[in-house]
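Q: Hi, I have this one open and would like to talk through it. Could you walk me through it?

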Amino acid sequence: MSDTHGAAIELLGDPGFQMEIDELVGSYPKKETALIQALHLCQAKLRHVPLEFQAFIADRLGMSPAHVKGVVTFYEMFTEEPLGKYLLQVCGTLPCMLAGSEKLLAHLESKLGIRPGGTTKDGKFSLITVECLACCDGGPALMVNETLHRTVSTEDADRILSELD
Amino acid sequence: MAELLQFLTKNVGVSNSTHVDTYMGNGGYEPMMKALHKMKPEAVLNEVKASNLKGRGGAGFPAGLKWSFLPKEKKRIRYLVCNADESEPGTFKDRLLIENDPHLVLEGIIIAGWATQAKGCFFYIRGEMPQGARIFRKAVDQAYNKGFLGKNILGSGFDFDVWVVRGAGAYICGEETALMNSVEGKRGEPRLKPPFPAGYGVYGEASNINNVETYANIPYIIEKGADWYKSIGSAGSPGPRLFGVSGHVKRPGVYELPGDVTVREVIFKHAGGILGDRELKAVIPGGSSTPVLRSDQIDVPMDPDGLGSVGSMSGSAGVIVMNDTVCMVKAAVNLAHFYTHESCGQCTPCREGTHWLLDLLTRIESGEGKPGDPDLILQICDNIQARTICPLGDACAMPVRSFVQQFREEFEEHIRAGRCPLHAVEMTTVI
Amino acid sequence: MALIRIDDREIEAPAGENLLRVALKNGIAIPFFCYHPALSVVGQCRMCLVKVEGAPKLLPACSTLVAELPEDKKFEGKYDMVVETASEEVKQAQRGVLELQLINHPLDCPICDQAGECMLQEYAYEYGDSSSRMEFEKVHSPKRVDFGPHIVFDSERCIKCTRCIRFCREITKTNELTMAHRGVWNEIQLFHDRKLDNPYSLCTADLCPVGALTSKEFRFKERVWFLASANSVCPECSRGCSARYDTYRGEILRLVPIDNPKVNGPWMCDYGRLLTERIKGIERLDMPAFRRGSSLERHPWPAFAGKFLEKLSFYRKDFKKTLAVILSGRMTLEELIAYETLSEALFSDVSGTAPNVTRGEDDDLLIRKEKRPNLEGARRLGIAVSEENAAVADLLKGKKTALIVREDPLGDVEDEEAKAALEKALTGLDLLIVADDALTETAKLAHVVIPLPAWHEMEGTTVNFLGTLQKTARVLIPPRNRKPFYEAASLLLQAEGVEAPGGSFGPWFSKVKERIPELSELRVRDLLPHGVRLAGGDESASGGEA
């Protein structure tokens, strides 16, 4: 895996990033509202929220680092370990299950050789199951990072993956 | 027979519908101008109250009445909150509005702000809808540019802001006080009530929270009046309503219908009937937190009284249809897994009880169930329901109980035979 | 005032009062875990659910407030609230909540320190079922986690009541702890490599209803039902926290704070508690002794009295000029007044000075920089108290003889040079008498050593910086030749042929009462359990009120 500590330090030292954070903090009536938004920023840039960032944002927003840790670990979308380049999120809740999400998941597991929670050795794909994505009429639903794909058959899945580099 | 309506969904499918010019070209923001220029805040609130608009997030609390709980003293800060955390399984109507007609929602929020003299609105959108957040932010920017947001809106003296706040993956943040905690940069853990949001809300300020679809109804109520609104649907569920149909139907999707359409009509007339041309076995009428119905219970209106008469609730109008290839135990396991995963963990009954239910249901599904398991499940549901800080405990207990009660024989058969009676049947799927 | 009915009792309570508090104050048992009177209310454990007439569901008593109703709405025409705490419905809820609390709780009782004082155990016995219906693998999480210098954490035993998190947030404001993850995987965690190391960390072990947070020092020492306890006062600073000393076979195993609204509330600092560790291995004499070269010639009481007077006779006539007397804020009021009486007869009325030893600063909670428990008591007896950290060496200037009671100036001084100078001054004395509970560095230089009992081996009274007079207890019985200073005084006065009060606490306490008029009507039992606030205390400082 890449040097995550180094990447974190580099990001925190980047004045452009600091400006993004400042802008975020200034855009809400109270700075605490910016916490989860800042964590999204970090998760997007570093593919996880390392301890260095947790300590930094805690200090920046006048919170305790323990509080930030509590927030990071509560929400599904933040991870403390780096994700692969593409996060494949397969919805497994009832409407998508009725549409065939189990077939889709099994196909992805066997194609990538990983179970949910795992990442391919080349760091390209992480696979997780998620709960209802609110597109139940388009099940089985698959999100790849921020892109939502509807009614994804196993063939569709192959096509989607092949288009990702 | 209930026909499809085109109020809330008027702009869906229209080219460039998310742009403010398109929206205004179709009559948009005229209700807002009417409210700000021709109606006192009190009058707007009374009109909404008179319409008896019910909240569309799932609880069905009268919106106008909720607005009236806010303190009126000028010196107090009032916040609005728009709950765009749509995460109730089977529900996808808010996404439709946000992604296709954000200005309808925004206009409703601004009118609500005027009625309640609020300082601004936190638009809280689930983290898994980044596209929706982008679209709504753009709509907000357009509204600022037009002078519909910000200081002294259209010369009315009214200041109002909208802040878009993303969630980060937690169903519980759809609960109003957990949502407020999340807005405050905390874990999404529900608060004790009382105090209620109207007295102590976001950052301790008086707050009113409503669902996306609820706000989307407001421009119509102002434009056409409360009487018109009540002429659609029933007394228990007035106005046009967005029903989301998913599962084993030929035409899943969002259907705008009067609030008292029957379950049968929704499934067979509008959603095309059962996928695979098979028989209907079970249907969840209002999102996964509502008790499941059998196929002989679908001739009721989908308003609170109608669904109440068959032991269920109108909830979020998320209709999940299951045909006769679906194992009811498997469906129950799926839901128990959902609630266990989403429990915030604060209070004992929900934190521990949901996981125990999941274990019991799983062993029944796998053929390892014991004869006492169904009754034990019912007792655990009794120990969870009405004992928790927030309704998530109830939301798990009620559907699980309903599956066991409505399909008891299927559960017993799993236990007797040591396997699912449908083990040789392939479940209908879309893919 | 509202009139409420709880079960079959009619109770008056102010509107807005917490219902659980009202019940507990009136001796009505309602079980609870997450509620604590000094912390915010969270209503999470659901153990305190009660039936409140008019409410559709059972309500947690801890988050229900007493409310007054208009006349025409009152229940049965007179009650503002009607509450049932023991109906079938409530009992069923208690059983249900307990069952759910126990399903993932490990069967650790046989190895858990909390056994015998565990709220979960007690409630399970009182309100729960005797068998379990949960047959699945319990949810596992970390055990034996090194949480801090004094705390071990067992996450499986944790019932997620969040008292510890709230304590660190609201009381110490150090925020070391958080709840991490979600749902049944909720787990108390620290951030990264930070530790639970605030000066009150052991309070979390008190607070924890179960054995999730336990004391390292007390770990596996003894079962709590074998402990013998006595309520006394901590001697480590001028707050004098009320503390319960738990002992087993003559050894103090732990100190636990007693909730005293007049002094410390429900808390106590770690340093005070850990006197249990500091007293281990201290060198002590078992009877008085004269130094003969490098050895000690020991004599038991009362024989020692005569020999001591003999020794004194060579120096007595010059005491007025040559004697330095260093008393201490570690002496109880009875010991201090005993010196005064003794001084009249044996020490030419030379008065003593108590050094004012401070370390660090007062904190926002309980810790005082003044590290002696009874300096205020000394002041009220008219005894001189030196300036903060004034050099004891100055008190010895120009003196040839010295009596030092319960102070170890040589051991306390840190600066090398000052230590050397002080040692020179001490060894240069013709007669050095040291009366202390340990063979300290100073005592090792003395010509006469009189061993005293430790603070917890003697009855006494003490006044803290707020002016609160408290009683100490004889938690452990010392060897018979380690006598309190007042008993030694009685024996010496007897040997001198002077009338003396009896050698026990009672007569000397009476003498204290004579000296301080405010106390004249006081009986010992008035001092229990929380002491008595005297006039003229430091009103500006916090009283540790909960």
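A: Happy to; we can take the interfaces, a helix pair, the cores and one loop residue in turn. Keep in mind that this is a predicted model.

Q: Good. How many residues do chain A and chain B each put into their contact?
A: Chain A gives 41 residues and chain B gives 46 residues. On the chain A side, the elements that supply two or more residues are helices H3 (34–46), H5 (65–74), H6 (94–99) and H7 (101–112).

Q: And what classes of residue does the side of chain A that touches chain B have?
A: That side has 24 nonpolar, 10 polar and 7 charged residues.

Q: What about chain C against chain B, how many residues from each?
A: There, 25 residues come from chain C and 22 residues from chain B. Helix H2 (residues 88–102) of chain C provides the largest share of the chain C side, with 5 residues. By class, that side of chain C has 12 nonpolar, 8 polar and 5 charged residues.

Q: Switching to helices: at what angle do H5 and H7 of chain B cross?
A: The axes of H5 (residues 93–100) and H7 (residues 130–146) of chain B cross at roughly 40° and come within 8 Å. The two helices are therefore oblique to each other.

Q: Is that crossing left-handed or right-handed?
A: H5(B) passes H7(B) in a left-handed crossing. From H5(B), the contact uses Arg95(B), Ile98(B) and Glu99(B), while H7(B) brings Gln131(B), Gly132(B), Ile135(B) and Phe136(B). Sorted by class, this contact has 3 nonpolar, 2 polar and 2 charged residues.

Q: On to packing. How many residues are in the largest nonpolar core?
A: It has 265 residues, and those with the most contacts inside it include Val81(B), Phe123(B) and Val400(B).

Q: Which residues does Val81(B) contact, leaving aside neighbours within four places in sequence?
A: Its contacts are Cys121(B), Phe122(B), Tyr124(B), Leu179(B), Met180(B), Val202(B), Ser207(B) and Ile209(B). There is also a second, separate core of 60 residues, with Leu375(C), Leu432(C), Leu493(C) and Ala495(C) among them.

Q: Last one: where is Pro37(C)?
A: Pro37(C) sits in the loop of chain C between helix H1 (19–25) and strand S3 (49–52).

Q: Why does Pro37(C) count as partly exposed?
A: Because Pro37(C) has 14 C-beta neighbours inside 10 Å, and partly exposed means between the cut-offs of 12 or fewer for exposed and 20 or more for buried.

Q: And how far is Pro37(C) from Ser328(C)?
A: They are 37 Å apart in space, C-alpha to C-alpha, and 291 residues apart in sequence.

Definitions and conventions. Residues are numbered from 1 along each chain as its sequence is written. Chains are lettered from A and ligands numbered from 1 in the order in which they are written. This is a predicted model: local features need pLDDT of at least 70, side-chain atom pairs count only at pLDDT 80 or more; totals for chains, interfaces and linings use all residues. Two residues are in contact if their C-beta atoms, placed from the backbone, lie within 7 Å. Helices (H or I, at least four residues) and strands (E, at least two) are DSSP runs, numbered from the N terminus. Ala, Val, Leu, Ile, Met, Phe, Trp, Tyr, Cys and Pro count as nonpolar, Asp, Glu, Lys and Arg as charged, and the others, Gly among them, as polar. Axes are lines fitted to C-alpha atoms, for helices over the stretch in contact, and angles run from 0 to 180 degrees between N-to-C directions. Angles under 35 degrees count as roughly parallel, over 145 as roughly antiparallel, 65 to 115 as roughly perpendicular and the rest as oblique. A crossing is left-handed if the near helix is turned anticlockwise from the far one by less than a right angle, and right-handed if clockwise. A nonpolar core is a set of buried Ala, Val, Leu, Ile, Met, Phe, Trp, Tyr and Cys residues joined through C-beta atoms within 7 Å.
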